[in-house]
Amino acid sequence: MPVEMSSRRSSRITDEEISELISKLQSLLPESRRRSMSRASAAKLLKETCSYIKSLHREVGDLSDRLSDLMSTMDSGSPQAEIIRSILRS
Amino acid sequence: MDSKSSACSSPNPNPTLGPSKLMLAFRFLRALSLVRRTTPASSRTCRGRRIERAAYASMAYTAGASRAWSRAVLRRLHHRARRRAVAPRRLSTTAGNRAEALRRLVPGGGGMDYCTLLEETADYIKCLSMQVELMQGIVDSASSYGP
């Protein structure tokens with residue numbers, strides 16, 4: 001009997017711990033994504049978290065391309081580089 | 001290269017406070033200037049991909065070796081040359097297949113128990129969004145010279 005009770009108690013603690021971790025993930029979602037998640041199930045929150053991570057991965061990729069483009073404007077030949085160089089010369 | 005490996009092996013002194021934004025900025029900007037010096041201007045796509053890898057490397061080094069996701073990122077980056085095409089991994093049955101999609105998105109997620117996966121996900125998201133914020137900030141300030 002005591003063994004049964006302690007195992008029930010420990011599984012309750014783990015469930016609480018897990019739901020705490022899931023609400024923490026909910027709090028990390030940006031405002032725009034959190035709106036529809038107020039009464040969402042754990043499964044729905046995890047799905048939204050996955051979608052959010054994918055969009056962050058995409059953003060890193062897009063911003064990397066933009067940084068590469070900006071590096072190109074710093075190289076010789078581009079009109080922006082000429083402008084910067086003429087400013088530095090004066 | 002030396003400073004990078006020693007930074008990786010020293011434990012993160014503030015595991016609960018999360019990585020420092022300043023450290024992240026320093027690492028990433030240093031990596032950016034290295035990419036600029038070593039990548040020919042003609043290969044724009046190649047440079048974009050190198051910048052992307054520099055982003056994940058800076059994130060992982062700043063998070064430190066105490067995180068499973070950062071260790072997984074660095075393993076992936078360092079073994080890039082030797083990797084075969086990515087094959088779908090069979091998830092370990094001891095870790096369970098709960099949150100399968102999430103395990104595929106978080107680096108190192110396949111071998112973790114459910115609880116650890118949720119913790120690692122939270123830290124990974126914090127670091128990812130910090131990295132995105134940093135890159136956006138650099139793009140914004142560099143673009144301010146435009147017409």
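Reader: Which residue of chain B meets the side chain of Asp65(A) in a salt bridge?
Author: This is a predicted model, in which local features need pLDDT of at least 70 and side-chain atom pairs count only at pLDDT 80 or more, while totals for chains, interfaces and linings use all residues. Residues are numbered from 1 along each chain as its sequence is written, chains are lettered from A and ligands numbered from 1 in the order in which they are written, and side-chain values use heavy atoms, without hydrogens and water. A salt bridge needs a side-chain nitrogen of Lys or Arg within 4 Å of a carboxyl oxygen of Asp or Glu, and here, at 3.1 Å from N to O, the partner of Asp65(A) is Arg49(B).

Reader: How many residue pairs are in polar contact between chain B and chain A?
Author: The count of salt bridges between these two chains is one. A polar contact is a pair of N or O atoms within 3.5 Å; within protein, one must be able to donate a hydrogen and the other to accept it, and residues adjacent in sequence count only if both atoms are side-chain atoms. With both residues at pLDDT 80 or more, the count of such pairs between chain B and chain A is five.

Reader: Which element gives the largest share of the side of chain B that touches chain A?
Author: Helices here are DSSP runs (H or I, at least four residues), numbered from the N terminus. Those of chain B that give two or more residues to this side are helix 2, helix 3, helix 5 and helix 6. The largest share, 18 residues, comes from helix 6 of chain B.

Reader: Which three residues supply the most of the area that chain B buries against chain A?
Author: Contact means heavy atoms within 4.5 Å, and it takes 31 residues from chain A and 37 from chain B. Buried area is the accessible area (1.4 Å probe) that two parts lose on being put together, summed over both, and for this pair of chains it is about 3300 Å², with 74% on carbon and sulfur atoms. Within the part that chain B buries, 18% is supplied by Arg36(B), Leu105(B) and Ile125(B).

Reader: Which helix gives the most residues to the largest nonpolar core?
Author: A nonpolar core is a set of buried Ala, Val, Leu, Ile, Met, Phe, Trp, Tyr and Cys residues joined through side-chain atoms within 4.5 Å, and the largest has 56 residues, with Leu67(A) and Trp69(B) among those having the most contacts inside it. Elements of both chains give two or more residues to this core, including helix 3 (42-74) of chain A and helix 2 (21-38) of chain B. With 15 residues, the element that gives the most is helix 6 of chain B.

Reader: Is Gln131(B) buried or exposed?
Author: Gln131(B) lies in helix 6 of chain B, and beyond its neighbours within four places in sequence it is in contact with Leu24(B), Phe28(B), Ala55(B), Ser58(B) and Met59(B). Buried means under 20% relative accessible area, exposed over 50%, and partly exposed in between (1.4 Å probe, protein chains only). Because its relative accessible area is 0%, Gln131(B) is buried.

Reader: Which residue does the side chain of Arg33(A) join in a polar contact?
Author: Arg33(A) is found in helix 2 (residues 31-34) of chain A, and it counts as buried because its relative accessibility is 18%. Leaving aside neighbours within four places in sequence, its contacts include Glu48(A), Tyr52(A) and Ser55(A). At 2.7 Å, the polar contact joins its side chain to that of Ser51(A).
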